[in-house]
Each structure stands twice: as structure tokens, then as C-alpha cells.
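Visitor: Could you take me through one part of this model up close? I'd like to look at the salt bridges and how their partners sit in the fold.

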Amino acid sequence: MDFRIIKTVISREYTTRVKKKTFLVTTFVVPILFAAMMVVIFLIMGNTKERKMDVAVVDQSGIVMPHLESGDRVTYEDHSSEVPDSIKAHLKDYGKDALVIVSPLDTVKKTVSVQAYSKDPLGVEFTSGLADKVDDAVEEYRIAQYGIDNLPQIMEDVKSHVRVTEFTLDDSGKESVSESGIYMIVSMLLGIIIWMFIMMFGGQVMSSVIEEKSSRVVEVLISSVKAVDLMFGKIIGIALVALTQFFLWIVLTVVLTSAASMFMGKDMLKSFQGDPQMMAQTVGMTPEQMEAIGGVVAATDSTAVATDVVDSQPGGLQTVMATLSNIPWTKLIISFLIFFVLGYLLYASLYAAIGSAVESVEDTQQLQMPITIPLMIAYLIILMAFQNPDSPVVVWASMIPFTSPIVMLARIPYGVPMWQLILSIVLLFFTFVGCAWLSAKIYKVGILMFGKKSTFKDLWNWLKQK
């Protein structure tokens, strides 16, 4: 390889791309759209009210209706004396949105069944809320069957909500409070960033190669530049363009979202808060972890936090800051850069080889499968890595070069033995070298092949050529 020529190709790729209108538009429009999307979400969550529902209830058990208290969103009306089929057939005439039928009480199993009928789907929030109220009624009935005086109050008094406070120990035995939810957010964020980077900009390398090949520009370039030098120059040049755009996206997004949050004000942001339990289920966290993370907002209002509670059980901002301080940031940032670069180079070389073997993007679907499958597997694994970062599947995936750039980054916040980290980097580096060498052989032949749709058999034949 001629590094002087590679440097020239890199300079050409970089300057040509950053001067394009598409680069300037996407660089500045994407953060604006992202910030606008965040503002719209805040506005919708802050101003949109749930439609009010009027519900007719036929309680054949006699124990549920007293627990169905009407609220701002749902109004329950007792129609137990009427025929359910009549109400069901004339919901609109009754002015009701839904009919809830509670079965007669099963005195053997001490429970009831519930059916809800409506013209339109009722939604998870309504059905889960209704189920909770029915559960309360059944529990109260079962407690009453024991005939123990004041048993409901006793049951309420014995309930407990114990929160586990996590501590991590360093090599010297020093302990510091931590929160697993913070590690989860950091690990998922890093893994997804690399996954997006590889998918987006690796695809750009392939598209660029296809564009030059289909326009026959490559024939002119090959006459003065070796195919291998052209391939590596293109890969590195697009990587620099991607890093530039990525950095600008981060800066502009932070600036715009900060400005938007100042414009909307604290009250508008508070209105975004939802049901902690539902949010926890959505992101795969426990309600306690959501409570600890959400405590950042609460902890900023120090007047609302009792001193004895803070002293006895760390939480909120203290827990978040302590957890963030426990993360090995130097090791994490260095590892991020290494896996960021090597992961991109590995997949970009494969994308370049595929691009050289076809004449249009439509022809790449079959050849891309061996590349996209490992990326999708890695993405799925990082979604489970925070639940058990030391499971055999996660550990092996952090070692296998085709998944390690994504999975290893998700493991590092939880602590990874240095030998595993070094082994993963070494394997990734040599895999990149091997794949780059094989991709260069395919690129050298495929870039000048026209008029034939390439297959895996063709790629194998090109690899065997000297």
C-alpha cells in the first residue's frame, strides 16, 4: 500500500463530502429535527388530556362496585339491576363508552371474572386500572372470610417496601453507593451509538463505492491509483466525515435541546413525568431503579428531602453522582474509541467489498445478510446485557469480533477483567486485518466487473485469485 496515495484519497473523500449541500443540510437539519421532536413530545405530554370515559357496570358479585371509584378520566355507573345484553346492544343510547360485567362470586375459589365491552379498544391503562380495583375487592373479600377482627388493618400494617442500597468495593476495600439503573443506561447508550454508527456510515461506504462504479468514475481512478489504496482511502475518509458530522450533531443537539428546555420552562418539563411503573416496564427497569434515577429531579429541591432519610438511605442525586463516579471513565472512553474505530473499519471493509461486487443498491440485499445478522444479534444481546453482564452469552459475544464492538462497550460499566478486554481488542484487530485483506481482493476484482449480478460463489472465486 502507498500511504501517500491513501492520504490523497482520504483528503479527496473528506473535502468532497463536507462541501456537499447534503452534508451541510443533514448536519444542521438532523439536530433541529431531533430538538423539535423533543419539544413536540414535551408539548403533547404536557397538554394532551386523556378522553373521559363513561362506563356502565353490571356487578353480579356484589363486592366490586364499591371499589370502582370514579375519577377525572373514568366515571363508573352502577347498572347492576339491568340486563347486560340490553346495555351491550345499546351502549350509544345509554351514553356509555364501555360496559363492564363482573361475574357472580365463585365462593369456592373466592374470585370473580370480568369482561369489558366497547366499540373501540379500551387501552392498557384502563384495563390495568380496572384489574387493580377488582383485585382489591377480591382481596378484601378473602380477608373478611377469615373472621379476624381488624385483619385489614393488620394486613396493611405488615406490608413493607424494602429498598436495596447497592455498594461497590474497589481494590482497597473502599465502598461507595451505586445504582444498577445508571450502569444500564450508560451501557445501552454506548452500545447503541456504535451500532448506529456502523449501520449508518458503513452503508455510506458501500453506497459510495456503488456510485463510483455505476458512473464508471472508478475506471479513471483505477488507472492512477491501486484498488486497495482507493478502498482504504475511501473507508478512512468517510470515517473522518462521519466523526465530524457525529461531533457536530452532539454539540448542536445539546445546544438546541438546552435552549428548548429553557424556553418551555421547568413547569412544562415536569408535566412530562408519567407513571413510574409503566415507564419502568417500558425500559426494562425495576420501579426502584426508576425511582432512584427520577430522584435527580426531586433531589434538586433539597427543602423537600428530610435530612434523616438522606443520611439513612442514599438516593436521588447522591446515588446517581456516586454511581457515575464509580464508572471507570478513562478505561471506558479509551475502549470506546478503540472499539469505535476498529468496529467501523471491520464492517466498512466488508461493506466496501459488497459495494464493489454490485452495480446498484438493490443488488446488495442478499450479500448484506452475513453483515447485518451479527449486528442485529449484537443489538439484541446488549438489551439483555444489563440484566446479567457476566452470562456466558454476553461474555462470548463481547469476545467474538463481529459482535464485540457493541457488546463489550455495554459490559464495561459493570466491570470487565482487563485480560478479557485486551483479548477482545486483539481479536478484533486481527479480524479486521484479515477481513480487510480479503475485502481488498474482492474489491480489486469486483470494482471493474460490469454487466453481471454477483453471487457468493463469485466472491469465493475472486478470493482464490492471486
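Guide: Start in helix α1 (residues 3-18), where glutamate 13 and arginine 17 sit four residues apart, about one turn of the helix. Keep in mind that this is a predicted model. The two side chains meet in a salt bridge, with 3.1 Å from N to O. Are they buried or exposed? Glutamate 13 has a relative accessible area of just 3%, so it's buried, the cut-off being under 20%. Arginine 17, at 15%, counts as buried too.

Glutamate 13 has another partner as well: lysine 234 forms a salt bridge with it, and the closest N and O atoms are 2.6 Å apart. Lysine 234 belongs to helix α9 (residues 227-264) while glutamate 13 is in α1, so this pair ties together parts that are 221 residues apart in sequence. Lysine 234 is buried, just like glutamate 13.

Now hop over to another pair, glutamate 77 and lysine 96, whose side chains meet in a salt bridge at 2.5 Å, N to O. Here glutamate 77 comes from strand β2 (residues 74-78) and lysine 96 from the loop between α4 (91-94) and β3 (98-102), which puts them 19 residues apart. Glutamate 77 is partly exposed at 36% relative accessibility, whereas lysine 96, at 12%, is buried.

Back to the α1 group: salt bridges with shared partners join Arg12, Glu13, Arg17 and Lys234 into one network. For the whole model, the count comes to six salt bridges.

Technical notes: Residues are numbered from 1 along each chain as its sequence is written. This is a predicted model: local features need pLDDT of at least 70, side-chain atom pairs count only at pLDDT 80 or more; totals for chains, interfaces and linings use all residues. Side-chain values use heavy atoms; hydrogens and water are left out. A salt bridge is a side-chain nitrogen of Lys or Arg within 4 Å of a carboxyl oxygen of Asp or Glu. Helices (H or I, at least four residues) and strands (E, at least two) are DSSP runs, numbered from the N terminus. Buried means under 20% relative accessible area, exposed over 50%, partly exposed in between (1.4 Å probe, protein chains only).
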